[in-house]
Amino acid sequence: MYKIRRAEAKDAEQVRLMSIALEEAMFDLFKKKKQTVFANKPVIASKHSVKDHAEWFGGMVGKPDEVLTHMWYVLEVDGKVVGYINGQPEKGNVGHLDSLYILKQYRGKGYAVAMVKKMKKWFQLKKVKFIDISVDGPNKPAQKLYEKLGFVKTTYTYGLKI
Ligand SMILES: CC(C)(COP(=O)(O)OP(=O)(O)OC[C@H]1O[C@@H](n2cnc3c(N)ncnc32)[C@H](O)[C@@H]1OP(=O)(O)O)[C@@H](O)C(=O)NCCC(=O)NCCS
């Protein structure tokens with residue numbers, strides 16, 4: 001059994017660990033392919049502490065979805081938090097999908113699709129008309145995921161390692 005719910009203060013440590021794992025995964029891609037702009041250096045430490053995360057998540061408590069300016073959802077499988085997604089509306093009715101991460105052993109089960117769809121519903125509530133996401137060139141699983149969900153390539157970012 002799984003559920004996707006808003007992140008709560010008690011999830012802060014686990015979400016922070018997953019955000020570090022996401023950065024590490026991007027750095028691994030960089031080491032292999034040297035084509036990423038997001039993580040071209042090793043992860044030293046997450047910029048944000050457990051306390052920061054707890055404050056962000058605590059700040060959502062009791063507020064209706066439509067008034068929130070940022071959304072964090074976690075994926076819970078059999079009572080364990082195994083993934084997260086976060087995003088926020090930006091200028092011009094654009095909703096920016098910030099991060100998405102699923103623990104390795106829970107991948108390939110359709111959870112990421114469910115997470116993006118959940119975020120899409122919140123964006124619709126927030127009157128977002130266009131969802132924006134940046135994906136590293138070598139991150140094929142993520143590209144396939146978004147293409148499966150109907151996303152199309154809109155911008156080409158060129159990079160040169162010097
Ligand atoms: C990308 C990621 C979120 C996908 O999560 P997931 O739960 O395994 O994805 P799903 O099971 O919902 O898969 C949905 C679709 O994504 C694509 N996909 C997922 N993993 C894939 C892989 N390893 N190779 C190719 N396509 C893949 C497929 O199209 C898949 O549909 P299909 O099963 O019908 O082929 C996960 O691999 C992850 O957390 N990766 C590390 C972090 C990351 O890259 N985040 C995205 C940053 S933009």
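## Contacts around F130

Two residues are taken to be in contact if their C-beta atoms, placed from the backbone, lie within 7 Å. In this predicted model, and leaving aside neighbours within four places in sequence, F130 is in contact with N93 and V94. F130 lies in strand β5, and V94 stands opposite F130 in the pairing with that strand.

With 12 C-beta neighbours inside 10 Å, F130 counts as exposed, because a residue is called exposed if 12 or fewer other C-beta atoms lie within 10 Å of its own. The C-alpha atoms of F130 and G62 are separated by 27 Å, the two residues being 68 residues apart along the chain.

## The five-stranded sheet

Strand β5 belongs to an open sheet of five strands, in which the order is β1-β2-β3-β4-β5 and the pairing is mixed. The edges are taken by β1 (2-6) and β5 (130-132), each of which has a single partner strand, so one side of each is left without a neighbour in the sheet. On average, and with direction ignored, neighbouring strands of this sheet are turned by 25° against each other.

Strand β2 (residues 71-77) and strand β3 (residues 80-90) run antiparallel and are joined by seven bridges, and within this pairing the partner of Y73 in β3 is I85. Strands β3 and β4 also run antiparallel, with eight bridges between them, and here G87 stands opposite L97 in β4. Strands β4 and β5, by contrast, run parallel and are joined by three bridges.

## Turns and positive phi angles

Between β2 and β3 there is a loop that holds D78, a residue other than glycine whose phi is nevertheless positive, near 45°. D78 is exposed, with 7 other C-beta atoms within 10 Å.

The hairpin of β3 and β4 has three residues between the strands, and in it G92 takes a positive phi near 70°. N93, found in the loop between β3 and β4, has a positive phi of about 60° although it is not a glycine; N93 is exposed as well, with 12 other C-beta atoms within 10 Å. For context, most residues other than glycine have a negative phi. A further positive phi, of about 95°, is taken by G150 just after α4.

## The nonpolar core

The largest nonpolar core has 26 residues, and those with the most contacts inside it are Y73, Y84, M115 and M119. At least two residues of this core are supplied by each of α1, β2, β3, β4 and α3, and the largest share, seven residues, comes from α3. In soluble globular proteins, nonpolar side chains tend to be buried together.

M119 shows how this part of the model is connected: not counting residues up to four places away in sequence, M119 touches M71, Y73, I85, G87 and L97. Among these contacts are two facing pairs from the sheet, since the list includes Y73 and its bridge partner I85, as well as G87 and L97, which stand opposite each other.

## L103 in the loop after β4

L103 has its place in the loop between β4 and α3. With 18 C-beta neighbours inside 10 Å, L103 counts as partly exposed, because that class lies between the limit of 12 or fewer for exposed residues and the limit of 20 or more for buried ones.

Not counting residues up to four places away in sequence, L103 touches V82 and G83. L103 and L75 are 28 residues apart in sequence, and their C-alpha atoms are 10.0 Å apart in space.

## The shell around the ligand

There are 20 residues around the ligand, of which R107, A112, P141, K144 and L145 come nearest. Two or more residues of this shell are given by each of α1 (12-33), β4 (94-102), α3 (111-125) and α4 (140-148). By class, the shell has twelve nonpolar, three polar and five charged residues.

With six residues, α4 gives the most to the shell around the ligand. Of the nine residues of α4, however, the number buried is zero, so this helix lies largely in the open.

How values were computed. Residues are numbered from 1 along each chain as its sequence is written. This is a predicted model: local features need pLDDT of at least 70, side-chain atom pairs count only at pLDDT 80 or more; totals for chains, interfaces and linings use all residues. A residue is near a molecule or strand if its C-beta atom, placed from the backbone, lies within 6 Å of it. Helices (H or I, at least four residues) and strands (E, at least two) are DSSP runs, numbered from the N terminus. Ala, Val, Leu, Ile, Met, Phe, Trp, Tyr, Cys and Pro count as nonpolar, Asp, Glu, Lys and Arg as charged, and the others, Gly among them, as polar. Two strands pair if DSSP finds at least two bridges between them. Axes are lines fitted to C-alpha atoms, for helices over the stretch in contact, and angles run from 0 to 180 degrees between N-to-C directions. A nonpolar core is a set of buried Ala, Val, Leu, Ile, Met, Phe, Trp, Tyr and Cys residues joined through C-beta atoms within 7 Å.
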